[in-house]
Structures are given as C-alpha cells and as structure tokens.
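Reader: Hi, I'm new to reading structures. Can you walk me through this one?

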Amino acid sequence: MSTRLDHRNPLVFDTHELGRRPGAMQRLTRTIDAPRDLGVEGVIGVPEGAPVELELRLESVMEGVLVTGTARALAKGECVRCLEPVGLEVDTDFQEMFSYPDADDRGRVKAEPGDDAEDDEDRLFLEDGLFDLEPVLRDAVVLALPMQPVCQEDCEGLCSECGVRLSDEPGHHHDAVDIRWAALQGLAESIQDGEKDEMSGAEAEAGVDEKQEK
C-alpha cells in the first residue's frame with residue numbers, strides 16, 4: 001500500500017521503531033496545534049491553533065499497533081443559558097488499534113489483501129508504518145465536551161422581558177400587568193386625549209370670538 005500520510009503532519013506518527021515485534025512499546029509526548037473544527041460545531045470546541053498536549057503509548061501486537069493516550073486542551077464556547085463565554089479544560093483518554101493492512105484479526109498475513117473490504121470499513125490501518133491520530137483525537141474530544149455548556153451549574157440565564165443576565169441582578173423582576181387592565185388603561189388614555197383635543201378646540205374658538213368682538 002502506497003502511503004498517503006505526510007510524516008511532517010504533527011498528528012501523524014511513525015511506528016517503524018517498534019518493528020513487528022509483539023510486546024515492543026514506545027512512549028511519546030507531543031504538543032500540537034489544534035486542527036480546525038476540533039469540537040462540537042457552533043457550541044464548544046478547542047480553537048484552531050490552540051495547544052493540545054498528547055501523551056501516547058504505542059504497543060506492538062500481533063495484528064498491528066495499539067495506541068493508548070491522553071489529550072489535554074482548553075475548549076471555548078458559549079453558555080447556552082446566558083450566552084457568556086465558557087472555558088473548559090479537556091482531559092480525555094482514548095485507545096485505538098491500527099492494524100497492519102496485510103494481517104487479519106488474529107495477526108496472520110492475508111493471502112489476498114482486500115478480500116474482506118466490508119469488514120475493514122470500521123478499522124484503522126497503518127500506512128507504510130505511519131498512522132494518523134486526528135480522527136481518533138476528534139472522537140475523543142467531542143465525547144468529552146458537553147452538548148449544552150453552561151458558565152456555572154446554577155446559571156439562571158437571561159430575563160425573558162429585557163434580556164438582563166439574572167445572575168448579575170439577584171431579585172430582578174418585572175411587575176406583572178393584567179392584559180385586561182392594560183386594555184382599560186389604554187382606553188382611558190384615549191378618552192383623556194380626546195377630551196384634551198376638544199378643550200383645545202374650544203379654547204381656540206373662544207379666542208377667535210373675542211377677537212371678532214373687539
């Protein structure tokens with residue numbers, strides 16, 4: 001299989017040092033820049049380019065290389081209740097098997113690689129001794145993030161009347177107005193306005209009469 005992976009990619013790892021010796025192990029520590037869209041889109045995630053600390057253990061087994069690791073990063077998002085910025089430390093573990101492309105589930109060399117294409121759909125493979133950790137990292141981070149992040153567990157959200165953040169103004173409230181009284185109040189104001197207009201008209205006519213008499 002010709003490799004399509006670039007060893008210069010910080011999320012691509014080389015396993016040649018392990019060889020195909022079951023029991024061989026290698027530990028790696030690496031800090032990488034977060035790839036794009038690492039998280040739950042539009043909700044919370046690790047900003048692109050932010051540092052992600054990786055601790056990995058690579059173990060050679062019969063069928064491939066077992067990768068066990070931990071990822072640490074700082075995710076940012078928005079509180080779903082009050083819309084304030086949210087920062088969350090992500091510390092997640094993961095484990096994945098990267099299989100040799102020419103080996104079956106028992107580690108035996110296949111006579112004709114590719115015959116079991118349907119069975120291979122969900123498996124990840126080594127490519128010329130390299131593996132790409134990005135899909136594994138994405139899955140681990142997404143599972144570690146809340147689907148509805150909040151700034152604090154008891155966040156009261158925003159006032160539905162004026163939009164003020166309730167946690168900033170304890171006791172904040174609006175006087176409830178009975179819509180029936182509101183309608184009557186509006187009618188009364190209309191009547192008062194009408195009476196004022198009539199009085200203004202009468203005063204104007206009186207002024208004209210006075211001028212005519214003079």
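Author: Let's start with contacts, meaning heavy atoms within 4.5 Å. Among contacts in the protein chain between residues at least 6 apart in sequence, 62% join residues at least 24 apart.

Reader: What kind of model is it, and how are residues numbered?

Author: This is a predicted model: local features need pLDDT of at least 70, side-chain atom pairs count only at pLDDT 80 or more, and totals for chains, interfaces and linings use all residues. Residues are numbered from 1 along each chain as its sequence is written, and side-chain values use heavy atoms, with hydrogens and water left out.

Reader: How many helices and strands are there in the protein chain?

Author: The protein chain has 2 helices and 9 strands. Both kinds are DSSP runs, numbered from the N terminus: helices are H or I with at least four residues, strands are E with at least two. From the N terminus on, the order is β-β-β-β-β-β-β-β-β-α-α.

Reader: And what share of the residues is buried?

Author: Buried residues make up 30% of the 214 in the protein chain. Buried means under 20% relative accessible area, exposed over 50%, and partly exposed in between (1.4 Å probe, protein chains only).

Reader: Let's talk strands. Which way do strand 5 and strand 6 pair?

Author: Antiparallel, over 9 bridges; strand 5 covers residues 51–61. Two strands pair if DSSP finds at least two bridges between them. Strand 5 and strand 6 form a hairpin with 2 residues between them. Leu56 stands opposite Gly69 in strand 6. Ser60 has Val65 of strand 6 as its bridge partner.

Reader: What else pairs with strand 5?

Author: Strand 2 (residues 25–33) does, also antiparallel, over 9 bridges. There, Thr31 has Glu53 of strand 5 as its bridge partner.

Reader: Where do the side chains of strand 5 point?

Author: They alternate. Val52, Leu54, Leu56, Leu58 and Ser60 point to one face and are buried. Pro51, Glu53, Glu55, Arg57, Glu59 and Val61 point to the other and are not buried. In a regular strand the side chains alternate between the two faces of the sheet.

Reader: Back to strand 6. How many bridges join strand 6 to strand 7?

Author: 15 bridges, and the two run antiparallel; strand 7 is residues 85–99. Ala73 stands opposite Val90 in strand 7. These strands form a hairpin with 6 residues between them, and Leu83 in the turn has a positive phi of about 70 degrees. Strand 4 (residues 44–46) also pairs with strand 6, antiparallel, over 2 bridges.

Reader: Pick one residue from strand 6 for me.

Author: Take Thr68, in strand 6 (residues 64–78). The side chains of Thr68 and Gln95 share a polar contact of 2.8 Å. A polar contact is a pair of N or O atoms within 3.5 Å; within protein, one must be able to donate a hydrogen and the other to accept it, and residues adjacent in sequence count only if both atoms are side-chain atoms. Leaving aside neighbours within four places in sequence, Thr68 contacts Glu55, Leu56, Arg57, Glu59, Phe94 and Gln95.

Reader: New topic. How many residues has the largest nonpolar core?

Author: 32 residues. Such a core is a set of buried Ala, Val, Leu, Ile, Met, Phe, Trp, Tyr and Cys residues joined through side-chain atoms within 4.5 Å. Those with the most contacts inside the core are Val46, Val52, Leu54, Val67, Phe131 and Leu133. The largest share, 5 residues, comes from strand 6.

Reader: Any aromatic pairs?

Author: The count comes to 2 aromatic pairs. Rings of Phe, Tyr and Trp (its six-membered ring) pair if their centres lie within 6.5 Å; planes under 30 degrees apart count as stacked, over 60 as edge-to-face and the rest as tilted. The centres of Phe13 and Phe131 are 5.5 Å apart and their planes are at 15 degrees, so this pair is stacked.

Reader: Where do Phe13 and Phe131 lie?

Author: Phe13 is in strand 1 (residues 12–14) and Phe131 in strand 9 (residues 130–132), so the pair ties together parts that are 118 residues apart in sequence. Both Phe13 and Phe131 are buried. Phe13, Phe98 and Phe131 form one aromatic cluster.

Reader: What about Val12: buried or exposed?

Author: Val12 counts as buried, because its relative accessibility is 5%. Val12 and Asp132 are 120 residues apart in sequence, yet 4.5 Å apart in space, C-alpha to C-alpha.
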